[in-house]
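Dear colleague,

I am passing on the structure we spoke about, and below it I set out what was found when its atoms were examined. Please read the notes with the structure open beside them.

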Amino acid sequence: MFKPSVPKLSQYDPFLMFVSMILILWGTVMIYSTSAVYAELRFHNSYHFLQNQLIHVFIGCLGMIAALLVPISFWKKNLPWLMLLVLLMLIMVLIPGIGHEVKGGRRWIRLRGLGIQPSELLKITLIFYVASYLERKQEVLSLFLRGLTPNFLVTGVFLLLVLLQPDFGTVMLLSLTVLFMIYAGGARKSHILGSLFGVSLLGGILIATHSYRVKRLLAFLNPWEDPLDSGFQIIQSFIALGTGGWFGRGLGESRQKLFFLPDAHTDFIFAILGEEFGFLGGCLLILLFMVFIWRGYFIAWKTREFFPKFLAFGATTLIALQTMFNLGVVTGLLPTKGLPLPFVSFGGTSLLSTMFTTGLLLNVSAMRHSDSKPVANKT
């Protein structure tokens, strides 16, 4: 059993707390704005998605509080059980009748109306695992076979199960997060560059061997070649962003959300935000994310103990990369991937995962104030 020690409110990073709350509130408002008409037509209740989001925000707040109060050492101690649980869930989601299929992907487990996305839980689990690995293997991280290969084998098993769903976007996101964490932990640059080349090569093969991924890539290169099919979504996103102008049409006044832009309340919510709040509103949202990322890396840099340091670095990197991927897709800088915008997009497990991860970051930030003596790094 553990006895949680509750730090003072002033010990938590105030910038991170404030920015997180603003992003959650803004996201909740945008979900109602983007989904009300669609929800009324489909469910005869314009508040359907808003109600679901508020429930998930409430549960997410409980998860964030748990991440704040439970000592970081508890998660490290129970990491094997957490990894086993997520592994079983990733296997279960592939079993017909247990895994719930949406748009050709089997990524959800439905339990009495509650949807759980195991790949979102995997994001947290892999950050815990890699942080623990980096703490334990500092002396061999410069060696590829002894230092990096065991880590790649373990993470590879989990990522393979995600790829079978299939969820190519999450696999690429987690692969890059793991590589950045290992590089920050002390691995050689040549080993990381070689691994990045290998990941890129594997990604290219996976794209080339699946026609729908090739179709997405071609639509990314020239969406106007097929404006009514593969290029339709990104063109509608461009229209939303372009018609927003400097100051936007106004909250609730988007036209593209009226059944023109698919996934308006999920992966492409930033396009509607840009239409309603304009270029300046979009820049403000990006600025909030930049502050979040800055504080996350600042917390990691200032933390002395290895495990929480790498945990904070990995959590920040994960949210930073997912944000860049989503914004890159919506603005046409990257091919379409099914990755939501953290805090803002509709999605239960995704929001819970993001809020729990933020709670971990705040927990680590409080540790900096509670440590009275310097802790020597284990080298």
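Helices H7 and H8 run roughly antiparallel to each other, and it should be said at once that this, like everything below, comes from a predicted model. Helix H7 covers residues 168-185 and helix H8 covers residues 189-208, and their axes, which come within 10 Å, cross at roughly 175 degrees. Because angles over 145 degrees count as roughly antiparallel, the pair is described in that way. On the H7 side the contact is made by Phe168, Met172, Ser175, Leu176, Leu179, Ile182 and Tyr183, which meet Lys189, Ile192, Ser195, Leu196, Val199, Gly203, Leu206 and Ile207 in H8. Sorted by class, the residues in this contact are 11 nonpolar, 3 polar and 1 charged.

Just ahead of H7 there is a feature of the backbone to look at, since Pro166 is found in the loop between helix H6 (144-163) and H7. The peptide bond that joins Gln165 and Pro166 is cis, with omega at about -5 degrees.

Turning to the aromatic residues, the structure holds 19 aromatic pairs. One of them is formed by Tyr129 and Tyr133, a tilted pair with 6.0 Å from centre to centre and 45 degrees between the planes. Both tyrosines lie in helix H5 (residues 118-136), where they are 4 residues apart, about one turn of the helix. Tyr129 has a relative accessibility of 8% and therefore counts as buried, and Tyr133, at 3%, counts as buried as well.

The rings of Phe306 and Phe310 have centres 5.4 Å apart and planes at 70 degrees, so this pair is edge-to-face. These two residues both lie in helix H12 (residues 306-330), again 4 residues apart and about one turn of the helix, and both of them are buried.

Beyond these pairs, Tyr38, Phe43, Phe49, Phe259 and Phe346 form one aromatic cluster. Phe259, a member of that cluster, has its place in the loop between helix H10 (232-243) and helix H11 (269-302). Its phi is near 70 degrees, a positive value in a residue other than glycine, and with a relative accessible area of 47% Phe259 is partly exposed.

Phe343 also has a positive phi, of about 75 degrees, although it is not a glycine. This residue is found in the loop between H12 and helix H13 (348-370), and at 2% relative accessibility Phe343 counts as buried.

A ring is also involved in an arrangement with a charge: the charged end of Arg295 sits over the ring of Trp294, at 4.6 Å from its centre.

Finally, you may wish to look at Glu40, which is found in helix H1 (residues 14-43). Glu40 has a relative accessible area of 40%, so it is partly exposed. Leaving aside residues up to four places away in sequence, Glu40 touches Asn45 and Ser46. Between the C-alpha atoms of Glu40 and Gly328, which are 288 residues apart along the chain, the separation is 30 Å.

With best regards

Definitions and conventions: Residues are numbered from 1 along each chain as its sequence is written. This is a predicted model: local features need pLDDT of at least 70, side-chain atom pairs count only at pLDDT 80 or more; totals for chains, interfaces and linings use all residues. Side-chain values use heavy atoms; hydrogens and water are left out. Axes are lines fitted to C-alpha atoms, for helices over the stretch in contact, and angles run from 0 to 180 degrees between N-to-C directions. Angles under 35 degrees count as roughly parallel, over 145 as roughly antiparallel, 65 to 115 as roughly perpendicular and the rest as oblique. Contact means heavy atoms within 4.5 Å. Ala, Val, Leu, Ile, Met, Phe, Trp, Tyr, Cys and Pro count as nonpolar, Asp, Glu, Lys and Arg as charged, and the others, Gly among them, as polar. Rings of Phe, Tyr and Trp (its six-membered ring) pair if their centres lie within 6.5 Å; planes under 30 degrees apart count as stacked, over 60 as edge-to-face and the rest as tilted. Buried means under 20% relative accessible area, exposed over 50%, partly exposed in between (1.4 Å probe, protein chains only). A charge sits over a ring if NZ of Lys or CZ of Arg is within 6 Å of the ring centre and within 35 degrees of the ring normal.
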